[in-house]
Amino acid sequence: MKDETRLVHAGRDPQRDGGIVNPPVSRASTVLYPTLDAFARRHAGDAKYRAVRYGAYGVANTLALADAIAELEGGAGAVVTSTGLSAVALALTALVGQGDHVLMTDSAYGPTRAFCDEVLTRFGVETTYYDPLIGAGIAGLIRPNTRVVFTESPGSLTFEVQDIPAIAAAHRHGALVLMDNTWSAGLFFKPFAHGVDVSIQAATKYIAGHSDAVIGTITARTEALFRRIKDTTMAFGDVAAPDTSYLALRGLRSMAARLRQQQTAGLQIAGWLRGRPEVKRVLYPALPGDPGHAIWQRDFTGACSLFSIVLHTGDEAAVARMVDAYRYFKIGASWGGFESLVIPAYPAQLRTAVPWTDPGFVLRYHVGLEAPEDLRADLEEGFERLRQALC
Ligand SMILES: Cc1ncc(COP(=O)(O)O)c(C=O)c1O
């Protein structure tokens with residue numbers, strides 16, 4: 001079965017749901033049992049992990065979403081969490097404990113770093129940041145107490161592509177490989193086929209796809225890891241809400257088509273940006289010539305429409321003149337929706353393993369579903385404002 005077909009059919013059973021195409025929203029706290037004996041046995045065996053027992057442990061349509069994500073990524077099981085960030089935090093919490101050591105890519109999403117620095121440290125877990133391009137060299141950083149090698153590929157803001165199969169050789173040293181797989185949406189990168197143990201996504205992005213929901217997913221390679229993670233999410237009482245899960249499962253149905261169009265537009269816009277005199281570098285591994293292109297081409301089957309540019313200028317006031325008056329690229333956090341977005345990025349403020357020294361201003365763009373010609377005209381007018389501001 002191809003992924004396009006899988007996305008249409010995974011996690012739904014119209015026969016079970018009275019012929020209804022979309023699994024209906026199950027709003028529930030209480031679930032009733034016919035007898036005291038059935039109530040007493042509600043957590044037994046598989047039921048603890050896969051049955052509807054109480055709203056806080058998941059209802060039919062949240063479990064359906066989890067099944068669909070597990071199928072898409074090729075894992076043994078998945079949980080759905082309240083946000084993408086809670087998925088990161090809960091996956092880490094499930095797998096590390098006092099005295100353990102985490103290796104974290106220097107290109108990780110900022111709040112992932114903050115969770116390590118501000119929360120895990122309080123529980124006696126040490127984090128070392130590593131060069132995202134380290135590849136097999138990760139073995140040299142592994143300590144006897146290293147439990148997790150956390151990857152994110154391409155990295156947040158600067159889009160370095162990690163050599164995940166080489167890093168996964170860390171298995172031999174007993175550490176688990178976690179990956180923030182949000183950029184590929186689980187469609188363009190198959191984590192478990194490349195040696196990852198646990199894949200995390202902010203389903204907030206392309207899966208929900210309409211900028212109207214926050215939700216996360218954690219998918220595990222093995223049933224044992226899935227159970228350990230689900231035990232932790234249940235212990236925290238964290239689960240995606242039924243209405244939000246409904247939006248995410250609905251978004252999943254059209255995700256391949258949206259991503260195909262956004263990939264085409266993203267490549268067009270990024271390629272055009274690379275030829276602009278104002279732009280020093282485009283950070284987008286789908287573009288031939290990008291430092292990460294070869295590994296991206298080897299391991300990924302496509303690209304989403306999120307990338308950054310480094311301008312020649314570092315003049316923030318001039319950049320504001322350009323960006324503030326964009327017609328379509330609106331200023332706002334997040335990505336993966338139908339609309340185009342832009343934000344300033346300050347990698348120098350985050351990086352510790354490999355300092356970011358380029359003085360050029362960095363902007364992150366998300367290309368939406370608008371016509372690429374309109375987006376290009378918007379950017380072109382912006383460059384004219386930048387030119388005038390720098391005169
Ligand atoms: C790469 C990445 N991971 C995780 C998250 C967190 O997702 P959420 O906003 O749903 O908490 C984000 C959000 O921007 C992200 O960009």
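**Exercises on a predicted model**

The structure holds 24 salt bridges. The model is a predicted one, and the exercises below examine selected parts of it.

**Exercise 1. A salt bridge within the chain**

Determine which side chain meets Arg143 in a salt bridge, and explain why the pair ties together separate parts of the sequence.

Solution.
- Step 1. The partner of Arg143 is Glu126, with an N to O distance of 2.9 Å. A salt bridge requires these atoms to be within 4 Å.
- Step 2. Glu126 belongs to strand S3 (126-130), while Arg143 is in the loop between S3 and S4.
- Step 3. The pair therefore ties together parts that are 17 residues apart in sequence.

**Exercise 2. The contact of two domains**

Describe how domain 1 and domain 2 are placed and what their contact contains.

Solution.
- Step 1. Domain 1 covers residues 3-251, and domain 2 covers residues 256-390.
- Step 2. Their centres, taken over C-alpha atoms, are 28 Å apart.
- Step 3. Domain 1 contributes 37 residues to the contact and domain 2 contributes 39.
- Step 4. The size of an interface is often given as the accessible area lost when the parts come together. Between domain 1 and domain 2, about 3,300 Å² is buried, and carbon and sulfur atoms give 63% of this area.
- Step 5. Of the area that domain 1 buries against domain 2, 27% is supplied by Trp183, Phe188 and Tyr206, which is more than any other three residues.
- Step 6. The count of salt bridges between domain 1 and domain 2 is 3.

**Exercise 3. The packing of two helices**

State the geometry of the packing between helix H4 and helix H9, and classify the residues in contact.

Solution.
- Step 1. Two packed helices are described by the angle between their axes and the distance between the axes.
- Step 2. For H4 (residues 60-73) and H9 (residues 242-274), the angle is about 35 degrees and the axes are 8 Å apart.
- Step 3. The crossing of H4 and H9 is left-handed.
- Step 4. The contact includes Leu65 and Ile69 of H4, and Leu249 and Met255 of H9.
- Step 5. By class, the contact of H4 with H9 has 11 nonpolar residues, 3 polar residues and no charged ones.

**Exercise 4. Two backbone features**

Locate Pro154 and Ala185, and describe the backbone at each.

Solution.
- Step 1. Most residues other than glycine have a negative phi, and most peptide bonds are trans.
- Step 2. The peptide bond from Ser153 to Pro154 is cis, with omega near -10 degrees. Pro154 is in the loop between strand S4 (146-152) and helix H7 (164-167).
- Step 3. Ala185 is not a glycine, yet its phi is positive, about 60 degrees. Ala185 is in the loop between strand S5 (176-180) and strand S6 (198-202).

Methods
Residues are numbered from 1 along each chain as its sequence is written. This is a predicted model: local features need pLDDT of at least 70, side-chain atom pairs count only at pLDDT 80 or more; totals for chains, interfaces and linings use all residues. Side-chain values use heavy atoms; hydrogens and water are left out. Axes are lines fitted to C-alpha atoms, for helices over the stretch in contact, and angles run from 0 to 180 degrees between N-to-C directions. Helices (H or I, at least four residues) and strands (E, at least two) are DSSP runs, numbered from the N terminus. A crossing is left-handed if the near helix is turned anticlockwise from the far one by less than a right angle, and right-handed if clockwise. Contact means heavy atoms within 4.5 Å. Ala, Val, Leu, Ile, Met, Phe, Trp, Tyr, Cys and Pro count as nonpolar, Asp, Glu, Lys and Arg as charged, and the others, Gly among them, as polar. Domain bounds come from an automatic or database domain assignment. Buried area is the accessible area (1.4 Å probe) that two parts lose on being put together, summed over both.
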